[in-house]
Amino acid sequence: MELRYSWQPYLQFGQRLAVEKNTYIYHQQDEGKGFYYLSEGNIRISVSFPDGLERTINYVPVGMLFGEDGLYNDPYLTTACTVNSCIIHYFSDSAFTQLCNAFPDAKHIFTKSLLFKFRIVAEVLSFTSSPAEQQIAHFLIKLIKENGEDIPLNQTTLANYIGVSRISVN
């Protein structure tokens, strides 16, 4: 993945934060004031539906941006929660503006990252009508390819990720 670690040269513009396990970084529909970069740990990205159902749509790989949709007061489209202790960097709206003025290439990396996230959502949607076995195989390969074996998955978390019951995963 060419985007991975491409934001690293700009980390000095962000605020470094140590975040404990099971901490919500932002919630879906919260007013955004910036975005984040994951330096260490695991972040789970989920979406809530009006019927109360919550579905995991991605795990952020180390070295990637997340929460880009919350820039300049736009609402976050997802919820981000730590899976374990994490080191993240927060980039406020003003920090992003300063960064882009100093380094115009940062805008291109940001835009590529945002487009990558839209592709993830499209991929999840394209598999919603596939059999559970096919979804499990596809998303397990995807998760391992992107994150290595660092994601603590069990039957319940995998079921939430592909939108089926734990029994279907079993």
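1. Strand E7, residues 79–82, is covered on both of its faces in this predicted model. Thr79 and Cys81 lie on one side, Ala80 and Thr82 on the other, and all of these residues are buried. The term buried denotes a relative accessible area under 20%.

2. E7 has pairing partners in two strands, which are taken in turn here. Strand E2, residues 24–26, pairs with E7 in the antiparallel sense over two bridges. Within that pairing, Tyr26 has Ala80 of E7 as its bridge partner; Ala80 is also one of the buried residues named above. Strand E4, residues 43–48, is likewise antiparallel to E7, with four bridges between them. On this side, Ile43 stands opposite Thr82 of E7, and Thr82 is itself buried.

3. A further group of strands forms an open sheet of four, in the order E1-E8-E3-E6, with antiparallel pairing. Its edges are strand E1 (15–19) and strand E6 (65–66), each of which pairs on one side only.

4. Within this sheet, strand E8 (residues 86–92) deserves separate attention. Seven of its seven residues are buried, so E8 is largely enclosed by the rest of the structure. The side that carries Cys86, Ile88, Tyr90 and Ser92 is buried, and so is the opposite side, to which Ile87, His89 and Phe91 point.

5. The pairings of E8 may be read residue by residue. With strand E3 (residues 34–40), E8 pairs in the antiparallel sense over six bridges. Two of the bridge partners can be named: Tyr36 is matched with Tyr90 of E8, and Leu38 with Ile88 of E8. With E1, E8 forms an antiparallel pairing over five bridges. Here Leu17 has Ile88 of E8 as its bridge partner. Ile88 is thus a bridge partner of both Leu17 and Leu38, and Ile88 is buried.

6. These strands belong to a chain whose secondary structure comprises five helices and eight strands. Read from the N terminus, the order of elements is β-β-β-β-β-β-β-β-α-α-α-α-α. The radius of gyration is 16 Å, close to the 15 Å that the globule rule gives for 170 residues, so the protein chain is as compact as a globular protein of that length. The C-alpha trace spans about 50 × 30 × 30 Å along its principal axes.

7. Some chain-wide values complement the strand-level description. Of the 170 residues, 47% count as buried. Among contacts with a separation of 6 or more, 74% are made by residues 24 or more positions apart. The accessible surface comes to about 8,900 Å², and carbon and sulfur atoms account for 54% of this area. As to charge, there are 13 positive and 17 negative side chains, and the centres of the two sets are 3 Å apart.

8. Two loop residues merit a check of backbone geometry. Most residues other than glycine have a negative phi. Asn22, which is not a glycine, has a positive phi of about 60°. The residue is placed in the loop between E1 and E2 and is exposed, with a relative accessible area of 53%. Tyr72, also not a glycine, has a positive phi of about 55°. Its place is the loop between E6 and E7, and Tyr72 counts as partly exposed at 41% relative accessibility.

9. A final point concerns Phe103, in the loop between helix H1 (93–102) and helix H2 (105–126). Phe103 is partly exposed, its relative accessible area being 35%. Which residues does Phe103 contact, leaving aside its neighbours within four places in sequence? They are Tyr10 and Phe13. Phe103 and Tyr10 are 93 residues apart along the chain, yet their C-alpha atoms are separated by 8.8 Å.

Key:
Residues are numbered from 1 along each chain as its sequence is written. This is a predicted model: local features need pLDDT of at least 70, side-chain atom pairs count only at pLDDT 80 or more; totals for chains, interfaces and linings use all residues. Side-chain values use heavy atoms; hydrogens and water are left out. The radius of gyration is taken over C-alpha atoms; the globule rule is 2.2 Å times the number of residues to the power 0.38. Buried means under 20% relative accessible area, exposed over 50%, partly exposed in between (1.4 Å probe, protein chains only). Contact means heavy atoms within 4.5 Å. Accessible areas come from the Shrake-Rupley method with a 1.4 Å probe; for residues, only the protein chains shown count as cover. Lys and Arg count as positive and Asp and Glu as negative; His and the chain ends are not counted. The place of a charge is taken as NZ of Lys, CZ of Arg, CG of Asp or CD of Glu. Two strands pair if DSSP finds at least two bridges between them.
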